[in-house]
Amino acid sequence: MKTLYGLYAITDSKLIPEQEFENRVEAVLKSGARILQYRDKSTDHTKRLQQANSLRELCNSHNALLIINDDIELARNSCADGIHIGKDDDSLEQARQQLGKDKIIGVSCYNQLELAHKAIRAGADYIAFGSFFSSSIKPDAPTASIDLIQEIKQEYSIPVCCIGGITQQNHQPLLDAGADMLAVISELFAHDNLSDIEQAALDFSHSFRT
């Protein structure tokens with residue numbers, strides 16, 4: 001059974017050459033990523049649907065969840081497992097109404113406990129905090145405290161995802177605090193060859209088995 005736990009890989013069109021897209025994503029999936037978020041902010045709707053459909057097949061093959069970033073229509077058309085939304089995206093209520101009760105909805109809560117409480121009350125399936133560390137993807141993101149994980153876990157059993165500058169060197173305190181998922185981008189996809197991508201994904205995945 002697929003669960004919201006483990007390595008949560010996020011694609012980035014600037015880090016992944018289009019001709020290598022499927023190969024590099026499959027490298028992280030076969031090396032243990034349990035959730036994959038498709039994040040592409042381009043306006044090329046044809047490409048985005050083609051890539052999302054391809055990821056749907058890859059995720060099915062590797063027993064992983066496919067989450068679409070910030071696009072209800074794409075999530076629906078690609079038959080993804082769910083969607084991830086932030087404060088400037090469609091509301092959780094809109095996403096639930098359009099996608100149905102069985103789809104996963106994750107919500108970015110940044111560094112704000114109040115947003116987490118609001119998302120949980122609205123029926124989020126998981127929440128995400130971050131950025132915990134300096135991030136090259138979003139260098140201006142607000143810094144989140146590890147205390148947020150512990151505080152929310154004392155009140156709720158909802159799965160918590162951590163994001164932002166996460167590496168092999170700094171991730172363990174997040175897991176110790178109760179994080180269920182680690183969202184990783186650069187530490188996976190900034191590598192130029194598949195073997196390094198696979199090894200990075202394996203290293204993160206092993207952290208959840210100890």
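In the predicted model, Tyr-8 is buried, with a relative accessible area of 1%. This residue belongs to strand β1, and its ring meets that of Tyr-126 in strand β6 (residues 126-129), a partner 118 residues away in the chain. The two rings form an edge-to-face aromatic pair, with 5.9 Å from centre to centre and 65 degrees between the planes. Tyr-126 is likewise classed as buried, at 0% relative accessibility.

The search of the whole structure gives 3 aromatic pairs. Another of them joins Tyr-5 and Phe-208, whose ring centres lie 5.2 Å apart; the planes stand at 80 degrees, so this pair is edge-to-face. An angle of over 60 degrees is what places a pair in that class. Tyr-5 lies in the segment before β1 (6-10) and Phe-208 in the segment after α9 (194-207), so that contact between the rings links parts of the chain 203 residues apart. The two partners are classed separately by accessibility: Tyr-5 is partly exposed at 38%, whereas Phe-208 is buried at 12%.

Strand β3 (residues 65-69) has 5 of its 5 residues buried, and it is therefore largely enclosed by the rest of the structure. The burial extends to both faces of β3, with Leu-65, Ile-67 and Asn-69 on one side and Leu-66 and Ile-68 on the other. On the β2 side, β3 runs parallel to strand β2 (residues 35-38), to which it is joined by 4 bridges. Within this pairing, Leu-36 is placed opposite Leu-66 of β3. The two strands and helix α2 (residues 45-61) together make a right-handed β-α-β unit.

Strand β3 also pairs with β4, again in parallel, through 3 bridges. Ile-67 has Gly-82 of β4 as its bridge partner, and Ile-68 has Ile-83. Here too a right-handed β-α-β unit is made, from β3, α3 and β4. Strand β4 is covered on both faces: Gly-82 and His-84 are buried on one side, and Ile-83 and Ile-85 on the other. From β4 the pairing continues to β5, in the parallel sense and over 4 bridges. His-84 stands opposite Gly-106 of β5 in this pairing. Helix α4 (residues 92-99) completes a right-handed β-α-β unit with β4 and β5.

Strand β5 contains Tyr-110. Although Tyr-110 is not a glycine, its phi is positive, at about 55 degrees. The face of the Tyr-110 ring has Lys-87 lying over it, at 5.2 Å from the ring centre. A positive phi of about 55 degrees is also found at Cys-79, again not a glycine. Cys-79 sits in the loop between α3 (72-77) and β4 (82-85). With 51% relative accessibility, Cys-79 is classed as exposed, the cut-off for that class being over 50%.

A further backbone feature is the peptide bond from Gly-130 to Ser-131, which is cis, with omega near 20 degrees. Ser-131 is placed in the loop between β6 and α6. Helix α6 (residues 147-155) has Leu-148, Ile-149 and Ile-152 as its buried residues. Viewed down the axis of α6, these residues fall within an arc of 100 degrees, so they line one face of the helix. Such an arrangement can be read against helix geometry. An α-helix has 3.6 residues a turn, so residues three or four places apart point the same way. The cover over the buried residues of α6 includes strands β5 (104-110), β6 and β7 (160-163), together with helices α5 (113-122) and α7 (172-176).

Helix α1 (residues 21-30) holds Arg-24. This arginine has a relative accessibility of 7% and counts as buried, since the class takes in values under 20%. When residues up to four places away in sequence are left out, the contacts of Arg-24 are Leu-15, Ile-16, Pro-17, Phe-189, His-191, Asp-192, Leu-194 and Ile-197.

Terms used: Residues are numbered from 1 along each chain as its sequence is written. This is a predicted model: local features need pLDDT of at least 70, side-chain atom pairs count only at pLDDT 80 or more; totals for chains, interfaces and linings use all residues. Side-chain values use heavy atoms; hydrogens and water are left out. Rings of Phe, Tyr and Trp (its six-membered ring) pair if their centres lie within 6.5 Å; planes under 30 degrees apart count as stacked, over 60 as edge-to-face and the rest as tilted. Buried means under 20% relative accessible area, exposed over 50%, partly exposed in between (1.4 Å probe, protein chains only). A charge sits over a ring if NZ of Lys or CZ of Arg is within 6 Å of the ring centre and within 35 degrees of the ring normal. The arc is that of the directions from the helix axis to the C-beta atoms. Contact means heavy atoms within 4.5 Å. Two strands pair if DSSP finds at least two bridges between them. A crossover is right-handed if, with the strands pointing away from the viewer, the path from the first strand over the helix to the second runs clockwise.
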